[in-house]
Amino acid sequence: MTLAIAEPVQRMTNHDPPEDEIHEKISTKDFGIIPIPKRLQHDPKNPHQWTLLLNIVFGLSSTFIVSNLYYCQPLLIQLAESFEVSHDEVSRIPTLVQTGYAVGLLFISPLGDLVPRRSLILLLTAGAASLSIGLPLTQSVTTFEVLEFLVGIFTVVPQILMPLAADLAPPHRRASALSIVLAGLLLGILIARVLAGIVAQFVSWRVVYWIAVGVQWLVLIMMWATIPDYPRRNKDLTYPQVFVTMGKFLITEPVLVQAVLINIASMGTFTNFWVTLTFLLGGPPYNFSTLGIGLFGLIGIAGVCCAPFTGRLVDTLHPYFSVLISTILLLIVWAIETGAGGITVAAVVITCFGIDVFRQMQQVSLTNWVFGLETDARARLNAILLISLFIGQVMGTSVGSLVFVNHGWRPAAGLGLGWEGFCLLVLLARGPNAGRYTWIGWEGGWRRLRRPSNTTGPEDLEQASNGIGKENPVEVDEKKETVVDSHQVDSKGPEKQEYSRG
């Protein structure tokens with residue numbers, strides 16, 4: 001039996017507006033007050049194109065906004081001296097800002113599916129920048145802690161940019177777009193710590209936060225001038241329904257559950273490594289200084305800089321295949337660390353670089369795969385993925401540190417190896433061609449593991465391999481014994497094409 005294409009079927013891509021969008025009134029002002037540049041106003045008949053400049057803006061915005069969460073970490077001693085409180089008191093500050101961030105992830109980031117995202121992004125950035133003004137001004141540690149918590153809530157802007165990038169970028173460049181935004185997030189973590197440490201070494205810690213305020217207002221102006229307006233995707237959705245549907249996705253979407261479980265375990269390994277790295281390098285046989293340990297962060301930056309290349313690679317692969325490759329490579333890296341991490345520094349260097357590159361590839365692949373499930377629910381799906389990452393961070397920090405302190409470097413590395421092995425088992429529980437609602441199974445085998453030459457991009461492959469979409473029309477012609485599959489239409493021409501059934 002052969003798989004044949006009878007005739008082209010007109011399909012809606014990411015850039016084709018819904019029917020009701022055509023008649024929607026074009027918004028010309030943000031919040032009804034601030035004019036939107038005319039070139040950025042939404043026009044359903046002429047949608048905005050994804051450009052390199054826009055991708056860079058998304059990446060830079062993510063870098064300097066997420067930095068809000070990490071400025072305080074190198075400053076804790078100076079904060080304790082300035083506010084004349086104990087180290088235990090100021091140690092709550094990083095926890096509070098991260099708790100605020102978690103609150104924002106759960107209650108604010110899903111709003112991207114409910115309200116226009118340009119306005120939401122500008123509002124949150126303005127809120128974070130305004131609240132940050134109080135940080136260098138206050139003389140009270142309690143006020144400082146409250147402000148940090150609130151700043152953390154408003155710092156979810158990068159997690160609204162991520163689904164917006166997926167919507168604006170064409171399917172064949174979606175992974176590349178996501179990888180640059182994710183790289184911006186990782187750079188923000190590193191830059192914030194380095195900047196805060198250097199500035200506070202020569203001047204007051206308050207200068208660090210004045211710099212943060214200025215950078216955030218500059219980012220706000222940059223985003224106002226470059227981010228296109230994009231209408232809300234779900235006009236009938238209510239705020240309570242946002243959380244109801246998030247819960248529904250978790251019990252009805254096997255691919256999402258796979259991604260959540262892999263995220264928790266793999267992020268646990270990532271955090272486990274970087275938290276225990278200080279203990280490993282600071283003790284025998286290495287006995288590195290604080291500066292020497294800090295320089296290993298440069299290896300992490302080198303890994304982050306590989307984002308454009310890994311993104312391009314993910315764009316060419318079946319999502320399942322790219323997750324599989326990155327997971328196997330992470331297993332190899334953890335095997336090296338488990339075998340030689342406490343014996344030779346070369347193993348540590350390899351792990352530093354490999355865990356950054358391949359974890360980033362794995363995360364982009366999972367996000368790209370999950371975003372293909374429901375295009376109108378990407379903000380909610382992203383929120384679920386982020387919460388799973390947060391759980392993984394907590395698990396990696398607490399369990400990894402406990403194992404290292406009580407049992408040493410090799411059991412801690414073995415824990416990371418075991419968690420990554422769990423990720424592989426979760427992935428292999430479902431084959432790349434399992435039906436969308438199949439929880440465990442390998443129907444179809446390895447067929448379509450690589451992108452077929454007739455598909456127009458990863459989005460087509462996702463639909464073909466997962467049954468993604470509200471409809472999956474398949475017609476069977478018994479006389480000719482052929483199957484007409486609308487997901488395998490070649491948009492380049494009407495020629496009839498045949499493919500052997502795997």
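Me: Before we look at this predicted model, what makes a helix crossing left-handed?
Reply: Picture one helix in front of another. If the near helix is turned anticlockwise from the far one by less than a right angle, the crossing is left-handed. In this model, α13 passes α19 in just such a crossing, so its hand is left-handed.

Me: Are α13 and α19 roughly parallel or roughly antiparallel?
Reply: Helix α13 covers residues 254-282 and helix α19 covers residues 409-428. They pack with their axes 9 Å apart, at an angle of about 165°. Angles over 145 degrees count as roughly antiparallel. Therefore α13 is, relative to α19, roughly antiparallel.

Me: Thanks! How many residues of the contact of α13 with α19 are charged?
Reply: On the α13 side, the contact includes Leu261, Ile262 and Asn272, while α19 brings residues including Trp409, Glu420 and Phe422. By class, the contact has 12 nonpolar residues and six polar ones, and the number of charged residues is one.

Me: Which peptide bond is cis, with omega near 10°?
Reply: Look in the loop between α13 and α14 (290-304), where Pro285 lies. The cis bond runs into this proline from the residue Pro284, so to speak: it is Pro284 to Pro285.

Me: Is Glu84 buried or exposed?
Reply: Glu84 sits in the loop between α3 (76-83) and α4 (87-90). Its phi is positive, about 55°, although Glu84 is not a glycine. Because the cut-off for exposed is over 50% and Glu84 has 72% relative accessibility, Glu84 counts as exposed.

How values were computed
Residues are numbered from 1 along each chain as its sequence is written. This is a predicted model: local features need pLDDT of at least 70, side-chain atom pairs count only at pLDDT 80 or more; totals for chains, interfaces and linings use all residues. Side-chain values use heavy atoms; hydrogens and water are left out. Axes are lines fitted to C-alpha atoms, for helices over the stretch in contact, and angles run from 0 to 180 degrees between N-to-C directions. Helices (H or I, at least four residues) and strands (E, at least two) are DSSP runs, numbered from the N terminus. Angles under 35 degrees count as roughly parallel, over 145 as roughly antiparallel, 65 to 115 as roughly perpendicular and the rest as oblique. Contact means heavy atoms within 4.5 Å. Ala, Val, Leu, Ile, Met, Phe, Trp, Tyr, Cys and Pro count as nonpolar, Asp, Glu, Lys and Arg as charged, and the others, Gly among them, as polar. Buried means under 20% relative accessible area, exposed over 50%, partly exposed in between (1.4 Å probe, protein chains only).
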